[in-house]
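I have a new structure to look through today. I'll jot things down as I go.

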Amino acid sequence: MIDPEKDGLVQWTIAKLCETSAPTVNRYITSNGYKPLDLSVHRNQRFSIFNSRKIIQGLIAKSKNKIHKKKFAFYNFKGGTGKTSICFQVSTHIALMGYKVLIIDTDPQGHLSTSCGFPNDDSFLTLYDFLIRKIKFSDVRKTIFEGLDCVPSNLSLTRLEVELNQLPKREERFSIELAEIEKEYDFIFIDTNPTISLLNRNVVTFCDVINVVCETQPYSLNGLKLLVEDLDRFYSHMRITSRELNIIPNKYEDRTSSSAEAMTALRDYYEPYIKPDYAIRRSEDINTSAKLGKPLALFAKKNSIALADIIELVHYLLEKYTIQ
């Protein structure tokens, strides 16, 4: 799990997140007097998460960017696509870049919560306690590090579906209850459960952008068609504006024909929703990150394809949804 006191970023990682050079980072660190976590280490010195956020904020001048879409769902009602892993990576890396981020785990399995360091039990409050029991949001959210808060999940969330069904405006409870809270954050990222559920309907209604993580495999493409059709029917039924859709190809393998064929099909049918010439390549680093409970930037090596792909995705989303 993330330890704000011991974990940090090295200069080359900061440079990648800022899209600048390592010497530029070094000059900024030296001129502003930032000290590494361990003064005895001369190579690959790490700077605390707190200081890394400050360094990145200074280098990218975040305050000049206006965010015009801030609420993102990671969504797919097919399991195993990797949406939780990608949600964890995107949200934590954007938080490391100095933005104020809230993660909400709406999957009772709680895999995102586990990656964020929560035990696999019912010893903490969840969205159920906030929406149904009316527990104060400040008591439900937990701070992972400064700039990153999380509303965790556990099996207690399985009760939420029945309770939501009995409330007025049942598809809009998220939007109603989180209306004031969302103002506290630059970005909100929500990991969903792999079902068509009332809980997910709330998420879709609340969010500005739906990120559909799709495996580059034939079965995933079949499910994607059904998902897009279901979303369109829901928007029509609710009489709401269609949310912006991003399709994120995942687990791509250069040497397999199935991945190549899947990417061709995605471009043919869903080109407006896909970042050109982009897919997240299959990498063991993603699995290692989930096991460690640490985003890739805190441990990955320079040649990590996973880190390169995630940073590219993060920059794409920030460029798309912020205005200079």
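Here are my entries, from the whole protein down to single residues.

**Entry 1: the whole thing**

Note to self: this is a predicted model, so I treat it as one. I started with the secondary structure and found 14 helices and 11 strands in the protein. Then I looked up the dimensions: the C-alpha atoms fill a box of roughly 60 × 50 × 40 Å along the principal axes.

Is that what a compact globule would give? What I looked up for this was the radius of gyration. A compact globule of 324 residues would come out near 20 Å, and the protein has 20 Å, so the two agree. I also checked burial, and buried residues make up 54% of the 324 residues.

**Entry 2: the largest pocket**

Next I went looking for open spaces. The largest pocket has a volume of about 470 Å³. Which residues lie closest to its centre? Of the 24 that line this pocket, they are Gly-80, Thr-81, Gly-82, Ser-85 and Lys-251. Helix H4 (83-96), helix H5 (111-115) and helix H13 (284-292) are the elements that each give two or more residues to the lining. I sorted the pocket lining by class and got 12 polar, 7 charged and 5 nonpolar residues.

**Entry 3: the cavity**

After the pocket I turned to closed spaces. How many cavities of 30 Å³ or more does a search of the whole structure find? The search finds 1. The largest cavity has a volume of about 60 Å³. Its lining includes Asn-246, Pro-249, Tyr-273, Lys-275 and Leu-313. Strand S10 (244-250) and helix H14 each supply at least two lining residues, and S10 gives the most, with 4. By class, the cavity lining divides into 8 nonpolar, 1 polar and 1 charged.

**Entry 4: helix H14**

Since H14 turned up in the cavity lining, I gave this helix its own page. H14 runs over residues 305-321, which is 17 residues. From first C-alpha to last it reaches 24 Å, close to the 24 Å expected at 1.5 Å a residue. At the N-terminal end, Ser-304 acts as a cap, with a side-chain oxygen 3.4 Å from the backbone nitrogen of Ala-306.

I then listed the buried residues of H14, and among them are Leu-307, Ile-310, Ile-311, Val-314 and Leu-318. Asp-309 and His-315 are on the buried list as well. Reminder from class: an α-helix has 3.6 residues a turn, so residues three or four places apart point the same way. Leu-313 is one of the buried residues of H14, and Leu-313 also lines the largest cavity.

**Entry 5: two serines in loops**

Ser-153 sits in the loop between strand S7 (148-151) and helix H8 (160-165). Buried or exposed? Ser-153 has a relative accessible area of 3%, so it counts as buried. Its side chain reaches the backbone oxygen of Asp-107 at 2.7 Å.

Ser-197 is in the loop between strand S8 (187-191) and helix H10 (198-206). With a relative accessible area of 11%, Ser-197 is buried. I found a polar contact of 3.5 Å joining its side chain to that of Thr-195. A polar atom of the Ser-197 side chain also lies 3.1 Å from the backbone nitrogen of Asn-200. For the long-range view, I paired Ser-197 with Phe-77: they are 120 residues apart in sequence and 9.3 Å apart in space, C-alpha to C-alpha.

**Entry 6: positive phi**

Most residues other than glycine have a negative phi. Hence this entry on two residues that go the other way. Glu-19 is not a glycine, yet has a positive phi of about 55°. I found Glu-19 in the loop between helix H1 (11-18) and helix H2 (22-32), and at 53% relative accessibility it counts as exposed.

Arg-239 also has a positive phi of about 55° without being a glycine. Arg-239 lies in the loop between helix H11 (218-238) and S10. Its relative accessible area is 79%, so Arg-239 is exposed.

**Entry 7: one from the start of the chain**

Last lookup: Glu-5, in the segment before strand S1 (8-10). Glu-5 is exposed, with a relative accessible area of 66%. I compared its place with that of Pro-108: they are 103 residues apart in sequence and 30 Å apart in space, C-alpha to C-alpha.

Key. Residues numbered from 1 in each chain as written. Predicted model: local features only at pLDDT ≥ 70, side-chain atom pairs only at ≥ 80, totals over all residues. Heavy atoms only, no water. Expected span 1.5 Å × (residues − 1). Buried < 20%, exposed > 50% of the residue type's maximum accessible area, 1.4 Å probe, protein only. Polar contact = N/O pair within 3.5 Å; in protein donor to acceptor, adjacent residues only side chain to side chain. 1 Å grid on protein atoms, 1.4 Å probe; cavity = no way out; pocket = protein on both sides within 12 Å on 5 of 7 lines; lining within 4 Å. Points joined across faces, edges and corners; volume = space filled by probe spheres on them. Nonpolar A, V, L, I, M, F, W, Y, C, P; charged D, E, K, R; others polar. Rg over C-alpha atoms; globule rule 2.2 N^0.38 Å.
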